[in-house]
Amino acid sequence: GPAVDLYGLRGDAVRPGLTEFFGARPGLTHDLLAAPVPCGPSAVQYPFVKSWRDDDGEVRRWSSVDAAVPRDKVERLEFDGEGLLVRVSVVEATAPISDVTN
């Protein structure tokens, strides 16, 4: 099947990319703001918030939904015909479902 795409990272780029992301955000938490909902025949999505401590120990927070920005994003999980995860991405809540066969 296709290589998993994690936030635009594939293959050998996944481990260093995620290591850098988490390394820059100590104590990172990822909390769902709502239960995942189907958004296509083989995809689910949900709003979320990430929190971490910056270098000064201050808690930072990034919400995928923020009316003040405005921002209306979700984390989307897409699966192939066999139910295997093929893509994890952060997209606009109304973004069309991609073709997971690519």
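**Strands and pairings in a predicted model**

Strand β4 (residues 37-40) and strand β5 (residues 43-46) pair in the antiparallel sense over three bridges. That's our way into this predicted model.

Reader: So how many residues sit between β4 and β5 in their hairpin?
Author: The two strands run antiparallel, with three bridges between them. They form a hairpin, and the stretch linking β4 to β5 has two residues.

Reader: Which residue in β5 is the bridge partner of Val37?
Author: Val37 falls within β4, given as residues 37-40, and β4 pairs with β5, residues 43-46. Look across to β5 and the bridge partner of Val37 is Gln45.

Reader: And β5 and β9, how many bridges join them?
Author: β9 covers residues 71-79 and runs antiparallel to β5. One of the bridge pairs puts Ala43 with Glu78 of β9. For β5 and β9, the bridge count is four.

Reader: Let's move to the open sheet of three strands. What order do they take?
Author: The pairing in this sheet is antiparallel. β3 (29-32) and β7 (59-63) stand at the edges with a single partner strand each, so one side of each has no neighbour in the sheet. From one strand to the next, the twist averages 20°. Reading across, the order is β3-β6-β7.

Reader: Which residue in β6 stands opposite Leu32?
Author: β3 pairs with β6, residues 48-53, in the antiparallel sense, and four bridges hold that pairing. Leu32 belongs to β3, whose range is 29-32. Opposite Leu32, in β6, is Phe48.

Reader: Zooming out, what pattern does the protein chain follow along the sequence?
Author: The chain has one helix and 10 strands. Two strands come before the helix and the other strands come after, giving β-β-α-β-β-β-β-β-β-β-β.

Reader: What percentage of the residues count as buried?
Author: Being buried here takes a relative accessible area under 20%. The C-alpha trace spans about 45 × 35 × 20 Å along its principal axes. The accessible surface comes to about 6500 Å², with 57% of that belonging to carbon and sulfur atoms. Of the 102 residues, the buried share is 27%.

Reader: Among contacts with a separation of 6 or more, what share comes from residues 24 or more positions apart?
Author: Contact means heavy atoms within 4.5 Å. Taking the contacts with a separation of 6 or more, residues 24 or more positions apart account for 31%.

Reader: Last one: how far apart are the mean positions of the positive and negative charges?
Author: The protein chain carries 11 positive and 16 negative charges. Take the mean position of each set, and the distance between the two is 2 Å.

Conventions. Residues numbered from 1 in each chain as written. Predicted model: local features only at pLDDT ≥ 70, side-chain atom pairs only at ≥ 80, totals over all residues. Heavy atoms only, no water. Buried < 20%, exposed > 50% of the residue type's maximum accessible area, 1.4 Å probe, protein only. Areas by Shrake-Rupley, 256 points an atom, 1.4 Å probe, with all protein chains shown as cover. Lys, Arg positive; Asp, Glu negative; His and termini not counted. Charge placed at Lys NZ, Arg CZ, Asp CG, Glu CD. Pairing = 2+ DSSP bridges. Axes fitted to C-alpha atoms, helices over the stretch in contact; angles between N-to-C directions.
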